[in-house]
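Work through the exercises below with the model open. Each task is followed by a stepwise solution.

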Amino acid sequence: MSYRGEQVVNLYALLEIQYDAAAKEIRKAYRKMSLKWHPDKNPNNKEFASQKFDEITKAYEVLTDEKQKKEYDAKLQVAREREAKWEAANAEIRSMREKLEKRERDADNNRLKKRRKTEEDEISKKNKERIKEMMKEIELEEAEKEIRRASTFSTTRSASGLSKESGTIKVKWRKGDKHTKESLSAIFERYGTIASLTMKQRAATITYYKRRSAEDCLLKEISNPALKIKMVRDESTDTKLAKGEPSRSEGAKSNPFAFSMADLKSNGNSAQANEAQTGIPENFTNYEDDVLARMLGKQ
């Protein structure tokens with residue numbers, strides 16, 4: 001303990017007694033401690049024992065002298081109060097330091113959480129954008145496949161005067177959305193001139209004079225979430241393909257000996273022309289045999 005900057009030795013602690021010990025307790029404690037720390041009782045550590053013995057003797061002299069004890073108790077009381085204040089101040093400082101450290105830790109944790117959340121949000125955003133791009137690519141790829149499939153079917157000239165260059169698309173929109181012919185025309189006329197536009201509930205069939213217009217519309221509007229668009233094939237040709245009958249143009253490209261019944265009827269009625277081309281006799285009129293003969297004649 002310190003008193004006005006001076007170190008105050010706790011004499012009561014040296015004698016191992018309480019602050020309010022009586023004179024009898026002080027003498028008893030002194031005899032006990034002097035026997036414990038007498039140099040003759042500590043031959044292996046005489047120097048330290050001698051120092052302790054002197055401190056105990058001095059403490060006994062002060063505490064058994066009424067005047068010296070009174071002055072010492074006053075100094076000791078001031079030192080104890082000062083120490084208590086320092087302890088309280090230190091406790092407050094420790095509490096403030098702990099609060100500050102906790103605040104800093106909480107702030108660091110919050111910054112870390114925010115950074116992690118920001119990173120997770122960025123990753124999630126990038127993933128969503130990547131998925132969106134992939135979906136666009138898939139939709140465009142599907143649209144291109146649909147265009148390629150539709151382009152393999154050639155439409156014949158219809159009663160409306162549309163040629164094989166025309167293209168038709170089917171459009172559906174979401175439930176709750178409302179469209180009229182005018183609103184649909186405003187959307188789809190920018191891709192080309194519309195030949196016809198028919199509506200039925202939440203769907204419409206739009207025919208362009210040019211197939212290219214329908215293809216451009218499909219490629220551009222397929223990514224529109226409010227609309228669902230697909231190309232329309234020629235039903236008659238679809239029926240032929242479902243039965244396994246290739247079109248005339250595809251058959252001619254893949255097989256040079258592919259002839260339709262109409263070809264044989266139109267080209268095979270004349271016996272002379274038939275014999276001049278293939279050398280087949282006049283009475284050989286079976287069409288299937290005629291085709292076989294043509295194939296043999298080409299070899």
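**Exercise 1. Find the contacts of Ser 213, leaving aside neighbours within four places in sequence.**

Solution. Step 1: count a contact when heavy atoms lie within 4.5 Å. Step 2: leave aside the neighbours within four places; Ser 213 is then in contact with Tyr 191, Gly 192 and Tyr 208. Step 3: place the residue. Ser 213 is found in helix 6. Helices (H or I, at least four residues) and strands (E, at least two) are DSSP runs, numbered from the N terminus. Step 4: check burial. Buried means under 20% relative accessible area, exposed over 50%, partly exposed in between, with a 1.4 Å probe and protein chains only. Ser 213 has 9% relative accessibility, so Ser 213 counts as buried.

A note on the input. The model is predicted: local features need pLDDT of at least 70, side-chain atom pairs count only at pLDDT 80 or more, and totals for chains, interfaces and linings use all residues. Residues are numbered from 1 along each chain as its sequence is written, and side-chain values use heavy atoms, with hydrogens and water left out.

**Exercise 2. Give the strand order of the open sheet of 4 strands, and say which strands stand at the edges.**

Solution. Step 1: pair the strands. Two strands pair if DSSP finds at least two bridges between them. Step 2: read the order. It is 4-5-3-6, with antiparallel pairing. Step 3: find the edges. Strand 4 (194-200) and strand 6 (227-231) each have a single partner strand, so one side of each lacks a neighbour in the sheet. Step 4: add the twist. From one strand to the next it averages 20°.

Step 5: check the pairs. Strand 4 and strand 5 (residues 203-208) are antiparallel over 6 bridges. In this pair, Lys 200 stands opposite Ala 203, and Ile 194 stands opposite Tyr 208. Strand 3 and strand 6 are antiparallel over 5 bridges. There, Ile 169 has Met 231 as its bridge partner.

**Exercise 3. Which helices pack on the sheet or lie across its strands, and at what angles?**

Solution. Step 1: fix the convention. Axes are lines fitted to C-alpha atoms, for helices over the stretch in contact, and angles run from 0 to 180 degrees between N-to-C directions. Step 2: take helix 5 (residues 181-188). Helix 5 touches strand 3 (167-173), strand 4, strand 5 and strand 6. Its direction makes about 135° with that of strand 4. Step 3: take helix 6 (residues 211-221). Helix 6 lies across strand 3, strand 5 and strand 6, at about 145° to strand 6.

**Exercise 4. Which side chains of strand 6 are buried?**

Solution. Step 1: recall the rule. In a regular strand the side chains alternate between the two faces of the sheet. Step 2: apply it. Leu 227, Ile 229 and Met 231 point to one face and are buried. Lys 228 and Lys 230 point to the other face and are not buried.

**Exercise 5. Where is Gln 201, and what is its phi?**

Solution. Step 1: locate the residue. Gln 201 lies in the loop between strand 4 and strand 5. These strands form a hairpin with 2 residues between them. Step 2: read the angle. Phi of Gln 201 is near 55°, a positive value in a residue other than glycine. Step 3: compare with the rule. Most residues other than glycine have a negative phi. Step 4: check exposure. Gln 201 has 74% relative accessibility, so Gln 201 counts as exposed.

**Exercise 6. Which residues of helix 2 are buried, and how does helix 2 pack on helix 3?**

Solution. Step 1: list the buried residues of helix 2 (residues 23-37). They are Ile 26, Ala 29, Tyr 30, Met 33, Ser 34 and Trp 37. Step 2: look down the axis. The buried residues fall within an arc of 130°, taken from the directions from the helix axis to the C-beta atoms, so they line one face. Step 3: turn to the other side. Lys 24, Lys 28, Arg 31, Lys 32 and Leu 35 are exposed there.

Step 4: bring in helix 3 (residues 46-64). The two helices pack at about 170°, with axes 9 Å apart. Angles under 35 degrees count as roughly parallel, over 145 as roughly antiparallel, 65 to 115 as roughly perpendicular and the rest as oblique. Helix 2 is therefore roughly antiparallel to helix 3. Step 5: name contact residues. Among them are Tyr 30 and Trp 37 of helix 2, and Phe 53 and Ile 56 of helix 3.

Notes
The expected span of a helix is 1.5 Å times one less than its number of residues.
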